[in-house]
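Grab a pencil and keep the viewer open. Below are a few exercises, each with a solution worked through step by step.

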Amino acid sequence: MRPDPAVAKNSLETLQGQPCIRLSTAQGDSALVALHGAQVLSWVAGGRERLYLSPKAVFDGRSAIRGGIPLCFPQFNQRGPLPKHGFARNLGWRPAPASKEGDGQSAVCLELTDSETTRAWWPARFAAQLTVVLGAGSLRVQLVVHNTGNTDDGAWDFTTALHTYLSVEDVGRARLGGLDGCARWDALADARGVQQGPVMFLGEYDRVFSAPAGAIHLHDGALGLQITQSASLSNTVVWNPGGALCARLADLPPDGYRSMLCVEAALIDRPITLTPGQQWQGWQELRVLPAP
């Protein structure tokens, strides 16, 4: 019996020596997910790569990979005692059963649970599952976190972010719509305010927004993306290193900042507390906008 060409599929492959799972659809879209960090490394939709992966990214099985969609967990940035952005992006994850995807979709679920390694940093008993669902012109990444401890272990809290690196033709001409009226904190100037109009980029940019109720739209020349996130991820982080900082980052080319823009679905301002047996989930979805 011939396989149904409309059925999406997964396959195993490696990138720079790292094991990965390739998702694909009958329409020709694809995504590549590394077991290291449960990190999406590529998303091709509409015939174009939509994520930025640095050509100088390190693939040593220990370090964070620069680009794609790294997961910050259980700590965002350096806001706490753990290593920057936590440890989840630096560890190997294992495949887990994924819920049945819809027609024409392909999905993979990866899992990380506490171990001697994680408990050396963070004593929590936990299980985290990251599910990637690829559809025609869409990519959805969902994180589910469980407190697997018993009553004696008690509650713990965490912050997190889906640190999405989007590929752009030229960040100087890109703009983000949908954040107008959102409260924001400028991390470079340590100043608070309210966004007025679209977000544009003239140099280094690092701001944390209150997530909008609706969609964010990335306008990138004639192409664009719609970006949505769950209400459980209450912040949106927008970051570009600019030329000066980019030149100091060993795993980015000096002009890499021109081709990337981070739009992150995050939970930063109000950490989530989970008691034993509780779980939390949050997601970000990227969808290709039709050409005007």
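**Exercise 1: the largest pocket**

Task: find which residues lie nearest the centre of the largest pocket, then describe its lining.

Solution. Start at the middle: of the 24 residues that line the largest pocket, Asn77, Lys84, His85, His163 and Trp239 lie nearest its centre. Keep in mind that this is a predicted model. Next, look at the elements: strand S17 (205-210) and strand S20 (235-240) are the ones that give two or more residues to this lining. Then sort the lining by class, which gives twelve nonpolar, five polar and seven charged residues. Finally, the space: about 480 Å³ lies in this pocket.

**Exercise 2: the second largest pocket**

Task: work out which strands each supply at least two residues of the lining of the second largest pocket.

Solution. First list the lining: Pro97, Ala98, Ser99, Cys109, Gln129, Thr131, Val133, Arg140, Gln142 and Val144. Now match numbers to strands, and you land on strand S9 (126-135) and strand S10 (138-147). By class, you should get five nonpolar, four polar and one charged residues. The space in the second largest pocket comes to about 150 Å³.

**Exercise 3: an open sheet**

Task: put the five strands of the open sheet in order, and say which ones stand at the edges.

Solution. Walk across the sheet and you read S1-S2-S3-S4-S5, with antiparallel pairing. Strand S1 (9-15) and strand S5 (48-49) are at the edges; each has a single partner strand, so one side of each has no neighbour in the sheet. Now zoom in on one pair: strand S2 (residues 18-24) and strand S3 (residues 30-34) run antiparallel and are joined by five bridges. To check your register, start from cysteine 20, whose bridge partner in S3 is alanine 34.

**Exercise 4: the nonpolar cores**

Task: which residues have the most contacts inside the largest nonpolar core?

Solution. The core holds 68 residues, and Leu139 and Leu176 have the most contacts inside it. Strand S21 (residues 260-274) gives the largest share of this core, seven residues. There is also a second, separate core of eight residues, with Trp185, Val208, Val237 and Ala266 among them. Go back to leucine 139 and skip its neighbours within four places in sequence: its contacts include Ala31, Val40, Trp43 and Ile69. Gln284, Glu285 and Leu286 are also among the contacts of leucine 139.

**Exercise 5: unusual backbone**

Task: where do proline 74, alanine 38 and histidine 85 sit, and what is worth a look in their backbone?

Solution. Begin with the rule of thumb: most residues other than glycine have a negative phi, and most peptide bonds are trans. Proline 74 sits in the loop between strand S6 (71-72) and strand S7 (94-96), and the peptide bond from phenylalanine 73 to proline 74 is cis, with omega near 0°.

Now alanine 38, in the loop between S3 and strand S4 (39-45). Its phi is positive, about 50°, although the residue is not a glycine. Is alanine 38 buried or exposed? With a relative accessible area of 1%, and the cut-off for buried at under 20%, alanine 38 is buried.

Last comes histidine 85, in the loop between S6 and S7. Phi of histidine 85 is positive too, near 65°. Apply the area test again: at 6%, histidine 85 is buried. You met this residue in Exercise 1, where His85 is one of those nearest the centre of the largest pocket.

Terms used
Residues are numbered from 1 along each chain as its sequence is written. This is a predicted model: local features need pLDDT of at least 70, side-chain atom pairs count only at pLDDT 80 or more; totals for chains, interfaces and linings use all residues. Side-chain values use heavy atoms; hydrogens and water are left out. Two strands pair if DSSP finds at least two bridges between them. Helices (H or I, at least four residues) and strands (E, at least two) are DSSP runs, numbered from the N terminus. A nonpolar core is a set of buried Ala, Val, Leu, Ile, Met, Phe, Trp, Tyr and Cys residues joined through side-chain atoms within 4.5 Å. Buried means under 20% relative accessible area, exposed over 50%, partly exposed in between (1.4 Å probe, protein chains only). Contact means heavy atoms within 4.5 Å. On a 1 Å grid over the protein atoms alone, a cavity is a set of points where a 1.4 Å probe fits but cannot get out, and a pocket is an open set with protein on both sides within 12 Å along at least five of seven lines; lining residues have an atom within 4 Å of a point. Grid points are joined across faces, edges and corners, and a volume is the space filled by probe spheres set on the points. Ala, Val, Leu, Ile, Met, Phe, Trp, Tyr, Cys and Pro count as nonpolar, Asp, Glu, Lys and Arg as charged, and the others, Gly among them, as polar.
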